[in-house]
Amino acid sequence: MTLSEEDYIKVIYHLGKGENITVSTNAVAEQMETKPSSVTDMVKKLSDKRVVNYKPYKGVSLTEFGQKIALSLVRKHRLWEVFLVEKLDFSWDEVHEVAEQLEHIKSEQLIDKLDDYLGYPKTDPHGDPIPSKEGKFTKSVKRLISEVPVGTSGICVGVKDSSPAFLKFLDKNKIALGDGFTLLEREEFDGSVQLKTVGGILRISHQIASNLYLEITE
């Protein structure tokens, strides 16, 4: 696989939410920031390599072989993010672009040793699960803070928006993965919520609450 082909495979995987759902070539084009005609040319090549199933006017999905490649790329990307944050002191808003480059390294031996060196982490710095070498991972039950009822307690385990701007906002407001929250109140007018934290009371907007995942503990 070329770097470009791998990028397409990963985009199709993420658009299908890891469930091998058929996605439109227009959606792929939007994610890749390219023309739909270019996407059509690429998926035809990938279809010839038995990486995707492509049906004109219906969309594209990954084959079992394509799914295996996608999970390998996701594993490498997320392991490199852990390494960059834990060992090289990158902040969690800096690692995505660097990991995008490192995920294309072909050596499986290197990635296996990296996994071992890091202690076989289950999640990346943004709370996303890391597939095992066999392509398996544990999916935790998590819900967005904006969707849970008042009185719910849980642990912040992930972000829906992993853009640098959002992650910097969380750092600025001292909100981090692993923090415990209890939802005290939801404002009917604008959907903002009041949370009880170890450090006191915190109020966040509906937009922020719609991008933070909570693993329910009570």
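Which residues does K10 touch, not counting residues up to four places away in sequence? In this predicted model, K10 touches L73, V74, H77, E100 and E103. The report returns to this residue after an outline of the whole protein.

## Overall architecture

The protein has 218 residues, and 42% of them count as buried. Its secondary structure consists of eight helices and eight strands. Taken along the principal axes, the C-alpha atoms fill a box of roughly 55 × 40 × 30 Å.

Among contacts in the protein with a separation of 6 or more, 63% are accounted for by residues 24 or more positions apart. The exposed area of the protein is about 12500 Å², and carbon and sulfur atoms supply 51% of that area.

## Helix 4 and residue K10

Helix 4 covers residues 64–86. Its 23 residues reach 33 Å from the first C-alpha to the last, close to the 33 Å expected at 1.5 Å a residue. The helix is mostly covered, with 17 of its 23 residues buried.

K10 lies in helix 1. K10 counts as buried because its relative accessibility is 7%, which is under the 20% cut-off for burial. The contacts of K10 include L73, V74 and H77, and E100 and E103 also belong to this set.

## Helix 3 and its cover

Helix 3 spans residues 36–48, and its 13 residues should extend 18 Å at 1.5 Å a residue. The end C-alpha atoms are 18 Å apart, so the helix agrees with the expected span.

The buried residues of helix 3 are V39, T40, M42, V43 and L46. In an α-helix there are 3.6 residues a turn, so residues three or four places apart point the same way. The cover over the buried residues of helix 3 includes helix 1, helix 2, strand 1 and strand 2. After the helix comes R50, which has a positive phi, near 65°.

## Residues with positive phi in loops

Most residues other than glycine have a negative phi. Y57 is not a glycine, yet its phi is positive, about 70°. Y57 is found in the loop between strand 1 (52–55) and strand 2 (59–62). This residue counts as exposed because its relative accessibility is 87%.

Y120 also has a positive phi, of about 55°, although Y120 is not a glycine. Y120 is found in the loop between helix 6 and strand 3 (143–144). With a relative accessible area of 47%, Y120 is partly exposed.

## Strand 3 and residue L144

L144 is found in strand 3. The relative accessible area of L144 is 7%, and therefore L144 is buried. Leaving aside neighbours within four places in sequence, L144 is in contact with K160, A209, S210, N211, L212 and Y213.

L144 and V74 are 70 residues apart along the chain, and their C-alpha atoms are separated by 23 Å. V74 is one of the residues that K10 touches.

## The largest pocket

Rolling a probe the size of a water molecule over the atoms shows where empty space is left. About 1700 Å³ of space lies in the largest pocket. This pocket is lined by 48 residues, of which Y13, H14, R78, D128 and P129 lie nearest its centre. Two or more lining residues come from each of helix 1 (3–15), helix 2 (25–32), helix 4 (64–86), helix 5 (95–102), helix 6 (108–117), strand 4 (153–159) and strand 8 (212–216).

By residue class, the lining of the largest pocket divides into 15 nonpolar, twelve polar and 21 charged residues.

## The second largest pocket

The second largest pocket holds about 410 Å³ of space. Of the 19 residues that line this pocket, K68, I69, S72, L73 and E108 are the closest to its centre. L73 is also one of the residues touched by K10.

Helix 4 supplies the largest share of the lining of the second largest pocket, ten residues. The lining of this pocket divides into six nonpolar, four polar and nine charged residues.

Technical notes: Residues are numbered from 1 along each chain as its sequence is written. This is a predicted model: local features need pLDDT of at least 70, side-chain atom pairs count only at pLDDT 80 or more; totals for chains, interfaces and linings use all residues. Side-chain values use heavy atoms; hydrogens and water are left out. On a 1 Å grid over the protein atoms alone, a cavity is a set of points where a 1.4 Å probe fits but cannot get out, and a pocket is an open set with protein on both sides within 12 Å along at least five of seven lines; lining residues have an atom within 4 Å of a point. Grid points are joined across faces, edges and corners, and a volume is the space filled by probe spheres set on the points. Helices (H or I, at least four residues) and strands (E, at least two) are DSSP runs, numbered from the N terminus. Ala, Val, Leu, Ile, Met, Phe, Trp, Tyr, Cys and Pro count as nonpolar, Asp, Glu, Lys and Arg as charged, and the others, Gly among them, as polar. Buried means under 20% relative accessible area, exposed over 50%, partly exposed in between (1.4 Å probe, protein chains only). Contact means heavy atoms within 4.5 Å. Accessible areas come from the Shrake-Rupley method with a 1.4 Å probe; for residues, only the protein chains shown count as cover. The expected span of a helix is 1.5 Å times one less than its number of residues.
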